[in-house]
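This report describes one structure, shown below. It goes from a local backbone feature to the overall chain, then to pockets and cavities.

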Amino acid sequence: MQTQQRTGFARVGRAAPVAAVPRRAGRAQGRRTTVQVEARKVALLGAAGGIGQPLALLLKMNRMVTELALYDIANVAGVAADISHCNTPVKVTSATGPEELPNALKGAELILIPAGVPRKPGMTRDDLFNTNAGIVKALVEAVAKHAPGAVIQIVTNPVNSTVPIAAETLKKAGVYDPRKLMGVTSLDIVRANTFVAEAKGLDMKDVDVPVVGGHAGATILPLLSQTTPPVAFSEAEKKVLTEKIQNAGTVVVEAKAGKGSATLSMAYAAARMAESTLLGLNGEPNIYECTFVQSDVVPGVPFFSSKVLLGPHGVAKVLGVGEMDAFEKASFDAMVPQLKTEIQKGVEFVLSPPAPTPAA
């Protein structure tokens, strides 16, 4: 059994698979070492949106954030004014439009990007590509210029493509550091933990289900066989739970009937990932999360989501997927071609950009 880290989020900073990391002697479960909390500026790009607003509130409550810079193309000053009234010591600033974006970015050590359009009923995450790809590229170009050393966390869908877009954009600018670029897939883990705990009658805070692959449909692969605490699943249960986790976002989109997507749970998951990252930046040991990063875990797949060790420079170590059962291996083999295609789509968007649409 692995030592776990706890923060304000249920089981944030999961331990690595049992085979991957030895237990630290003398560390009681649920306890953290005392680390010095350093001043951290966090920038949130897309702060006036459906994810951005609740995420801004959660970041305002984070004890490791000293300055929170909110950016959007419109309506962000009101968000900043609103959350600035919360009696936490986090300084809140706002920046509106591209001309003010440098002010939000300068000095930021962690940058979260949920900017873009949400899914609507009938849309897949990949349907968002044409709009969100350009948004992410433009924002990352600004990050490369004004905060080249910051850790960047991409929330904007489709993550399987927007993270490669960010990587290629940073490469073009000569500032790419794979340790500092992550796609936020935490919502898949949050959902998996919730659904397994409910199905098996377990205490929510004790459940950890690694989810690997990507962040869209069949590329979302929960490794139920590696659940902590160990739980037995029938073949039927594996299929039902896996599909429930993969389709959870669509369920929310349809339930909101065109009025939004999974904004609140996504904000929670992104805040959890940010907190784990800040703990790592502050030197807290044994902080693990699943995230979509540059990886050599799967040959021929340049980006992949698996557990990583977070540290003072971002990703300190990328871990493998561990041993999979037959159901998981079959699902894994089936999803790899889709994941490769979606990654390549993002790469090509930067290397071979589409021609501008002629004016009417």
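Which residue just after helix 6 takes a positive phi? In this predicted model, the residue is Gly201, with a phi of about 65°.

## Helix 6

Helix 6 runs over residues 186–200. Its 15 residues reach 21 Å from the first C-alpha to the last, which is close to the 21 Å expected at 1.5 Å a residue.

Most of helix 6 is covered, with eleven of its 15 residues buried. At its start, the buried residues include Ser186, Leu187, Asp188, Ile189, Val190, Arg191, Ala192 and Asn193; further along, Phe195, Val196 and Ala197 are also buried. The elements that cover these buried residues include helix 7 (235–246), helix 8 and helix 9. Strand 7 (211–213), strand 8 (220–222) and strand 9 (287–294) are also among them.

## The chain as a whole

The protein chain contains ten helices and eleven strands. It has 360 residues, of which 54% count as buried. Among the contacts in the chain with a separation of 6 or more, 71% are between residues 24 or more positions apart.

## Strands 1 and 2

Strand 1 covers residues 41–45, and because five of its five residues are buried, it is largely enclosed by the rest of the structure. In a regular strand, side chains alternate between the two faces of the sheet. In strand 1, Lys41, Ala43 and Leu45 point one way, while Val42 and Leu44 point the other way. The residues of both sets are buried, Lys41 included.

Strand 1 pairs with strand 2 in the parallel sense, over five bridges. Within this pairing, Val42 has Leu68 of strand 2 as its bridge partner.

## Val90

Val90 sits in the loop between helix 2 (76–83) and strand 3 (91–96). Its relative accessibility is 6%, so Val90 counts as buried, the cut-off being under 20%.

Which residues does Val90 contact, leaving aside its neighbours within four places in sequence? They are Leu59, Lys60, Asn62, Val65, Thr66, Glu67 and Leu68. Leu68 is also the bridge partner of Val42. The C-alpha atom of Val90 is separated by 7.7 Å from that of Met61, and these two residues are 29 residues apart along the chain.

## The largest pocket

The largest pocket has a volume of about 800 Å³. It is lined by 41 residues, and the closest to its centre are Pro114, Ala115, Gly116, Val117 and Thr156. By class, the lining has 22 nonpolar, 15 polar and four charged residues.

Several elements each supply at least two residues of this lining: strand 2 (67–72), helix 3 (101–105), helix 4 (129–146), helix 6, helix 8 (248–255) and helix 9 (263–281). Helix 4 gives the most, with six residues. Helix 8 and helix 9 appear both in this list and among the elements that cover the buried residues of helix 6.

## Cavities

How many cavities of 30 Å³ or more does the structure hold? There are three, and the largest has a volume of about 60 Å³.

The largest cavity is lined by Val143, Ala144, Ala147, Pro148, Ala150, Ile152, Leu170, Val175, Tyr176, Asp177 and Lys180. Its lining divides into nine nonpolar, no polar and two charged residues.

Terms used. Residues numbered from 1 in each chain as written. Predicted model: local features only at pLDDT ≥ 70, side-chain atom pairs only at ≥ 80, totals over all residues. Heavy atoms only, no water. 1 Å grid on protein atoms, 1.4 Å probe; cavity = no way out; pocket = protein on both sides within 12 Å on 5 of 7 lines; lining within 4 Å. Points joined across faces, edges and corners; volume = space filled by probe spheres on them. Helix = DSSP H or I, 4+ residues; strand = E, 2+ residues; numbered from the N terminus. Nonpolar A, V, L, I, M, F, W, Y, C, P; charged D, E, K, R; others polar. Expected span 1.5 Å × (residues − 1). Buried < 20%, exposed > 50% of the residue type's maximum accessible area, 1.4 Å probe, protein only. Contact = heavy atoms within 4.5 Å. Pairing = 2+ DSSP bridges.
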